[in-house]
Amino acid sequence: MYYDSLIFEISNKGRVGYSLPKSEFKSYNIPKNLLRATEANLPEVSELEAVRHYTNVSTKNFGVEKGFYPLGSCTMKYNPKINQDISNMSQFSLHPYAPMKSIQGILEIYYETQRILSELSGLHTFSLNPYAGAHGELAGLMIMRKYHMDRNDTKRTKVIVPDSAHGTNPASATVAGLISVEVKSNLDGTVNIESLKELLTDEIAGIMLTNPNTAGVFEKDILEIAKLVHDIGGLLYYDGANLNPILGLARPGDMGFDIMHINLHKTFSTPHGGGGPGSGPVGVVESLVKYLPSPVIKKQGEEYIIEDSNETSIGQVSHFYGNIGVVTKAYTYLLTVGKENMANIGRYSVLNANYIKESLKDDYLLPIKGICKHEFVFDGLIDKSHHVTTLDVAKRLLDYDVHPPTVYFPLTFKESLMIEPPETESKATIDDFIEVMRTVAEEARVTPDLVKGAPYNTVVKRLDEATAARKPIVKYSDLLK
């Protein structure tokens, strides 16, 4: 059948999927310079062919609803459908220019979400304006920079970033007009204090940290780090990517962080991946509230109001209210879990991660010993005599209907395999994953070429990933060249 083809490859000239009735209205007089010179290159298929094609293509996608998705550093957990259903309700549709008196219910959701995020994080106030985690990072660094500029401390143009940090950290610093300076990590990914001390000058605007870090280790020296950075006039930024394992158990504000973003699309019930939609609220301590992007929702008596940007604010970083659909899902999730159960999110994700780690340490090299948090890193197979790489292992997992973990990150290990099982996975699912990982390790010992040639059961076999990245084929006409 043709279901593995591109829709252009099943096109037949003259075949029509649907004909719209003639309009009663006169067509607009479109200027010639805006009209196409030639007809668009579109496939010609029937409605049934189109439906079958895209239905079959959709089944080839892998998502958390299809199988286990232990992607390290990304918290790919199942999100209950009730949250999406509530978000889709017409009552939560918001016209951006609606009078405030007519949207008091939605503003209440915003206000309560801000308040709950503040309680969970230990920070004073949040703005829900940013559209994504990296967007929240950018807003937070803009706040950091404006804070120093307002104090005429113009020489503070550098931000310290660990060598094990997420790639968005140095990227966000650059976009914000700051220079990222790398601080060395210890073997477990924690900050090397002596390396940090060497960087702490009056040019430092602040430091960006993820805690737990990308190796799944809690930064035991965080209070000392906070004091060192604050003592030289810098601020601490918390990358909220790894907030999931400490929910209800520890708060970034109590650790000394001044600014943070939270990924509602990782931690609070919006499916993560596919480019969106997302939301990355940015929160600050009380002394930095005046710099937050608008809108920040406040309550006056029984009425909810929008605090507009003032001259100290960094301004607005997205259209109108940000992503209301994601905020509604997060609010529903927070109310469903409840304050009394919030800490179980962290506890179960930590339990799942340590169970997998301890179960596989005889087959996969464990560079960091001891208790991890929500994720951990293997440095490839213990038995490297057959030269089976982490990439080979990842490709072979596809044949067992398991999405591979994150590979070759963090960069502190040559054959990194970073695994993160969220709290939503059952012991049965985790046991199946452990068995698959053991099977692949055994295959690597007994039939290494089998693993090196994987995958075999996927729509396409192993690809030339370097060429695909450098010379991507992004449209059908590229195939004809």
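## Two helices that cross

Let's start with a pair of helices. Helix 3 and helix 10 are oblique to each other, because their angle of about 60° falls in none of the ranges counted as roughly parallel, roughly antiparallel or roughly perpendicular. Their axes lie 10 Å apart, and helix 3 passes helix 10 in a left-handed crossing. Keep in mind as you look that this is a predicted model.

Which residues make the contact between helix 3 and helix 10? From helix 3 come Ile-106, Ile-109, Tyr-110, Glu-112, Thr-113, Ile-116 and Leu-120. Helix 10 answers with Ile-324, Val-327, Tyr-331 and Leu-334.

## The nonpolar cores

The largest nonpolar core holds 51 residues. Tyr-110, which you have just met in the helix contact, is among those with the most contacts inside this core, together with Leu-196, Ile-207, Ile-225, Ile-262, Leu-264 and Phe-268. Many parts of the chain contribute: the elements giving two or more residues are helix 3 (104–121), helix 6 (193–199), strand 4 (204–209), helix 7 (222–231), strand 5 (235–239), strand 9 (303–307), helix 10 (324–337) and helix 11 (342–360). Which of them gives the most? That is helix 10, with eight residues.

Ile-207 is a good residue to click on. Leaving aside residues up to four places away in sequence, Ile-207 touches Val-159, Ile-160, Leu-196, Ile-225, Val-229, Leu-235, Leu-236 and Tyr-237. Apart from the largest core lies another one, made of 26 residues, including Leu-141, Tyr-237, Val-289 and Tyr-291.

## The sheet

Strands of a sheet pair through backbone hydrogen bonds, either parallel or antiparallel. Here, seven strands form an open sheet with mixed pairing, and their order is 1-7-6-5-4-2-3. Why do strand 1 (125–127) and strand 3 (179–183) each have one side without a neighbour in the sheet? They stand at the edges and have a single partner strand each, so one side of each stays free of a neighbour. On average, neighbouring strands are turned by 25° against each other, ignoring direction.

Inside the sheet, strand 2 (residues 158–162) and strand 4 run parallel and are joined by three bridges. In this pair, Lys-158 stands opposite Ile-204 of strand 4. Helix 3 returns here too: it packs on the sheet, touching strand 1 and strand 6 (259–261), and its direction makes about 125° with that of strand 1.

## Unusual spots in the backbone

Most residues other than glycine have a negative phi, and most peptide bonds are trans. Where can you find exceptions? One cis peptide bond joins Asn-211 and Pro-212, with omega about 5°; Pro-212 is in the loop between strand 4 and helix 7. Another cis bond runs from Ala-454 to Pro-455, with omega near 5°. Pro-455 belongs to the loop between helix 14 (448–452) and helix 15 (465–470).

Two residues that are not glycine have a positive phi: Ser-269, at about 85°, and Tyr-408, near 60°. Ser-269 sits in the loop between helix 9 (264–267) and strand 7 (282–284), while Tyr-408 is in the loop between strand 11 (406–407) and strand 12 (416–419). Are these residues buried or partly exposed? Ser-269 has a relative accessible area of 1%, so it is buried, whereas Tyr-408, with 29%, is partly exposed.

Notes:
Residues numbered from 1 in each chain as written. Predicted model: local features only at pLDDT ≥ 70, side-chain atom pairs only at ≥ 80, totals over all residues. Heavy atoms only, no water. Core = buried A, V, L, I, M, F, W, Y, C linked by side-chain atoms within 4.5 Å. Buried < 20%, exposed > 50% of the residue type's maximum accessible area, 1.4 Å probe, protein only. Helix = DSSP H or I, 4+ residues; strand = E, 2+ residues; numbered from the N terminus. Contact = heavy atoms within 4.5 Å. Pairing = 2+ DSSP bridges. Axes fitted to C-alpha atoms, helices over the stretch in contact; angles between N-to-C directions. Parallel < 35°, antiparallel > 145°, perpendicular 65-115°, else oblique. Left-handed = near helix turned anticlockwise from the far one by under 90°.
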